[in-house]
Amino acid sequence: MSGLVLEGISKRFGGVAAVDHVDLAVPNGTFVCMLGPSGCGKTTLLRTIAGLEEPTSGRILIDGKDMTRVPAHRRDFGMVFQSLALFPHLNVGENVAYPLRIRGVGRAEQAKRAEELLALVDLGGYAGRPVSQLSGGQRQRVAIARALALSPKLFLLDEPLSALDAKLREAMQVELRKLQQRLGVTTIVVTHDQREAMTMADLVVVMGQGRIQQAASPVEIYRRPVNSFVADFIGSTNLIAVRSGGGQGVEAPGGTIPGVSLAPGQTQATLSVRPEDIHLVPAGEAPLTGRISFIRDLGASIETFVDADGTQIVAVASPRERAHFRVGDTVGLRLDPEACRVLAS
Ligand code: ATP
């Protein structure tokens, strides 16, 4: 296959399996976000792809060519680290041109290419500035421009935006995505921020305990998580323990949920339902009931916490759908069966 292929990649540090049998195929031009909690192995996997760590086992292929033993500097990948690693004694243009300089590209060509790269990241005219005079967001762009100097086959970024404040970070997510689309470069970004991953990625790779839990499009991951780890990690979800209801839906704490069935022979399972797929109705209008324990009005949305026989269920509504319930009221919970996911674990 053309693109990046990881075949059975594992990386052990002593007794720790930081990456555990990872298989992944990434077609050329894809924007991948590797997502997962701290310690799940995402940085180790990125460093292994980059050639900064040698895998304990497995193979890394690019367009069918085995890169596993190729040293990092010969892989022609562009990398941006959280620390950025800009050279403080070089100006902006020299930083961007550095990879060209060490490849022996002539001075005039270096300057021309640096200008083009800086224009690409909206820093046209900044070449002569000292790096120390740039804002955090501008430094970020210089690091990105430098990583793209050699037109890399693969663009790898480790938590590139985590040092930025929330607003700048969101703006940079959109810019990075647009830049990637313009260049068509296969890009892998490590992040622990699920919103960031959902904003930028074609392919979200959710990792947990060194393994890929699910690799799919953002919508697929959100709508059809394969297990409770993914469901819980991506956005907020309600995880409800249910039992088979004999053709009438499933039994849940607080009543029954119609329209949902378990697999043949399955007697119990976990149901994942997003808060926006649960609607509050007057008591008696749905076969599942609970008592409102807390209401959080966030302006743009209203979260209602309902205690259903000891299980907390959260429903989110827009202010337009505002139901006039109060804390202490008994309410009915209507779940959209299409939006309920019966999880394997
Ligand atoms: P974070 O988001 O906190 O950076 P991560 O998902 O990127 O976490 P890794 O840094 O890849 O996780 O670490 C995965 C596991 O491997 C952790 O248990 C970590 O302690 C271990 N590990 C990583 N690097 C080394 C190393 N050089 N030596 C020993 N153990 C390591």
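A residue counts as buried here if 20 or more other C-beta atoms lie within 10 Å of its own. By that rule, buried residues make up 37% of the 345 residues in the chain. The model you are looking at is predicted, so let us start with how confident the predictor is.

**Confidence and overall build**

The average pLDDT of the chain is 91, and 100% of the residues score at least 70. For the complex, the predictor reports an ipTM of 0.95 and a pTM of 0.86. Eight helices and 20 strands make up the secondary structure of the chain. Taken along the principal axes, the C-alpha atoms fill a box of roughly 80 × 45 × 35 Å. Of the contacts between residues at least 6 apart in sequence, 65% join residues at least 24 apart.

**Two domains**

The domain assignment splits the chain into domain 1 (4–231) and domain 2 (238–343). Their C-alpha centres lie 40 Å apart. Where the two meet, five residues of domain 1 are in contact with five residues of domain 2. The side that domain 1 contributes to this meeting has two nonpolar, two polar and one charged residues.

**The nonpolar cores**

The largest nonpolar core has 68 residues, and Cys33, Met34 and Val205 touch the most other members. Methionine 34 is a good one to click on: leaving aside its neighbours within four places in sequence, methionine 34 is in contact with Lys42, Leu45, Leu46, Ile188, Val190, Val205 and Met207. Another core, of 20 residues, lies apart from the largest one and includes Ala252, Ala286, Ile313 and Cys340.

**Around the ligand**

Which residues are around the ligand? They are Phe13, Val16, Ala18, Gly36, Ser38, Gly39, Cys40, Gly41, Lys42, Thr43, Thr44 and His192. Sorted by class, this shell has four nonpolar, seven polar and one charged residues. Two elements, β2 (16–26) and α1 (42–50), each supply at least two residues of the shell. The element that gives the most is α1, with three residues. Lys42, part of the shell, also appears among the contacts of methionine 34.

**Three loop residues**

Now for some loop positions that may be handy to inspect. The table lists where they sit and how many C-beta neighbours they have.

| Residue | Loop | C-beta neighbours within 10 Å |
|---|---|---|
| Aspartate 76 | between β5 (65–66) and β6 (77–80) | 15 |
| Aspartate 309 | between β17 (302–308) and β18 | 12 |
| Proline 319 | between β18 (311–317) and β19 (330–335) | 11 |

Aspartate 76 counts as partly exposed because 15 C-beta neighbours lie inside 10 Å. Its phi is near 55 degrees, a positive value in a residue other than glycine. Aspartate 309 also has a positive phi, near 50 degrees, and is likewise a residue other than glycine. Is aspartate 309 buried or exposed? Aspartate 309 is exposed, because 12 other C-beta atoms lie within 10 Å and the cut-off for exposed is 12 or fewer.

Proline 319 has 11 C-beta neighbours inside 10 Å, so this residue counts as exposed. How far apart in space are proline 319 and aspartate 297? Their C-alpha atoms are 8.7 Å apart, while 22 residues separate the two positions in sequence.

Definitions and conventions:
Residues are numbered from 1 along each chain as its sequence is written. This is a predicted model: local features need pLDDT of at least 70, side-chain atom pairs count only at pLDDT 80 or more; totals for chains, interfaces and linings use all residues. A residue is near a molecule or strand if its C-beta atom, placed from the backbone, lies within 6 Å of it. Helices (H or I, at least four residues) and strands (E, at least two) are DSSP runs, numbered from the N terminus. Ala, Val, Leu, Ile, Met, Phe, Trp, Tyr, Cys and Pro count as nonpolar, Asp, Glu, Lys and Arg as charged, and the others, Gly among them, as polar. pLDDT is the predictor's confidence in each residue, from 0 to 100. Domain bounds come from an automatic or database domain assignment. Two residues are in contact if their C-beta atoms, placed from the backbone, lie within 7 Å. A nonpolar core is a set of buried Ala, Val, Leu, Ile, Met, Phe, Trp, Tyr and Cys residues joined through C-beta atoms within 7 Å.
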